[in-house]
Amino acid sequence: MSRRDEPPDPGTRLIDYPWVVIRFRCHFCERGGNSRLAACVAQFGRFATLDRLLHAFMSGCPHDPYDQSRSPPQKYGRKCGAYLPDLNSGRPPDHPPSMTGLSLIEGGKADMLPAEPAPVERRRRVGDADV
Ligand SMILES: [Zn+2]
């Protein structure tokens with residue numbers, strides 16, 4: 001089975017990355033952006049992993065945990081919150097939700113609430129006399 005069939009994870013190589021755009025975001029700083037896969041391949045090589053790219057993205061952050069020139073990271077110090085929002089996702093980042101087509105969801109027409117109330121079933125009490 002090819003890795004192309006699976007959603008990307010940190011170990012995915014660029015050559016196996018399924019989409020055109022790689023999105024970078026950080027939980028703490030304002031940094032972030034979208035990179036074209038082709039540009040990343042040109043810079044890092046097609047066998048570079050997404051993890052490697054994430055480290056490169058972090059290296060521009062004031063909270064880069066891999067920066068050896070700074071004091072060793074403190075246990076509770078702030079670390080860069082960089083992440084790739086599209087890891088382990090099945091949806092291409094370069095398609096708006098409306099372009100990915102319809103998706104099947106649980107349930108169906110049978111699960112919908114009726115528009116009209118169901119006819120009330122009238123029952124007679126035992127012992128009621130017919131009038
Ligand atoms: Zn950051």
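Student: How many residues lie in the hairpin that joins strand 1 to strand 2?
Tutor: This is a predicted model. Strand 1 covers residues 21-26 and strand 2 covers residues 32-36. A hairpin joins them, and the count asked for is 5 residues.

Student: How do strand 1 and strand 2 run, parallel or antiparallel, and how many bridges join them?
Tutor: Take one pair as an example: Arg23 has its bridge partner in strand 2, and that partner is Asn34. Arg25 stands opposite Gly32 in strand 2. The two strands run antiparallel, and the number of bridges is 5.

Student: Which residue in strand 3 is the bridge partner of Cys26?
Tutor: Strand 1 also pairs with strand 3, in the antiparallel sense, over 2 bridges. In that pairing Arg25 stands opposite Tyr83. The bridge partner of Cys26 is Ala82.

Student: In what order do the 3 strands form the open sheet?
Tutor: Look for the edges. Strand 2 and strand 3 each pair on one side only, and they are the edge strands. Strand 1 pairs with strand 2 and with strand 3. The order is 2-1-3.

Student: What pattern does the protein chain follow along the sequence?
Tutor: Start with the parts: the protein chain has 2 helices and 3 strands. Helix 1 is residues 37-44, and helix 2 is residues 50-58. Strand 3 is residues 82-83. Read along the sequence, the pattern is β-β-α-α-β.

Student: At about what angle does helix 1 run to strand 2?
Tutor: Helix 1 lies across two strands, strand 1 and strand 2. Its angle to strand 2 is about 85 degrees.

Student: Why do the buried residues of helix 2 line one face of the helix?
Tutor: The buried residues are Leu50, Leu53, Phe57 and Met58. An α-helix has 3.6 residues a turn, so residues three or four places apart point the same way. Seen down the axis of helix 2, the buried residues line one face because they fall within an arc of 140 degrees.

Student: Which elements do the buried residues of helix 2 pack against?
Tutor: Helix 2 has Leu53 and Phe57 among its buried residues. Its buried residues meet two strands and one helix: strand 1, strand 3 and helix 1.

Student: Is Ile22 buried or exposed?
Tutor: Ile22 has its place in strand 1. A residue needs 20 or more C-beta neighbours within 10 Å to be buried. Ile22 has 25 inside 10 Å, so it counts as buried.

Student: What separates the C-alpha atoms of Ile22 and Asp86?
Tutor: Ile22 reaches along the sequence in its contacts too: leaving aside neighbours within four places, they include Leu53 and Leu84. Ile22 and Asp86 are 64 residues apart along the chain. The separation of their C-alpha atoms is 7.7 Å.

Student: Which element gives the largest share of the largest nonpolar core?
Tutor: This core has 12 residues in all, including Ile22, Phe24, Leu53 and Phe57. Strand 1 and helix 2 are the elements that give two or more residues to this core. The largest share, 4 residues, comes from helix 2.

Student: Which residues is Tyr17 in contact with, leaving aside its neighbours within four places in sequence?
Tutor: Tyr17 belongs to the largest nonpolar core. Ile22 is in that core as well, and Ile22 is in contact with Tyr17. The full list for Tyr17 is Pro8, Thr12, Ile22 and Leu37.

Student: Is Asn88 buried or exposed?
Tutor: Asn88 is found in the segment after strand 3. Its phi is positive, about 60 degrees, although Asn88 is not a glycine. With 12 C-beta neighbours inside 10 Å, Asn88 counts as exposed.

Student: What percentage of the residues of the protein chain count as buried?
Tutor: The protein chain has 131 residues. Ile22 is one that counts as buried. The share that counts as buried is 11%.

Key. Residues are numbered from 1 along each chain as its sequence is written. This is a predicted model: local features need pLDDT of at least 70, side-chain atom pairs count only at pLDDT 80 or more; totals for chains, interfaces and linings use all residues. Two strands pair if DSSP finds at least two bridges between them. Two residues are in contact if their C-beta atoms, placed from the backbone, lie within 7 Å. Axes are lines fitted to C-alpha atoms, for helices over the stretch in contact, and angles run from 0 to 180 degrees between N-to-C directions. The arc is that of the directions from the helix axis to the C-beta atoms. A nonpolar core is a set of buried Ala, Val, Leu, Ile, Met, Phe, Trp, Tyr and Cys residues joined through C-beta atoms within 7 Å.
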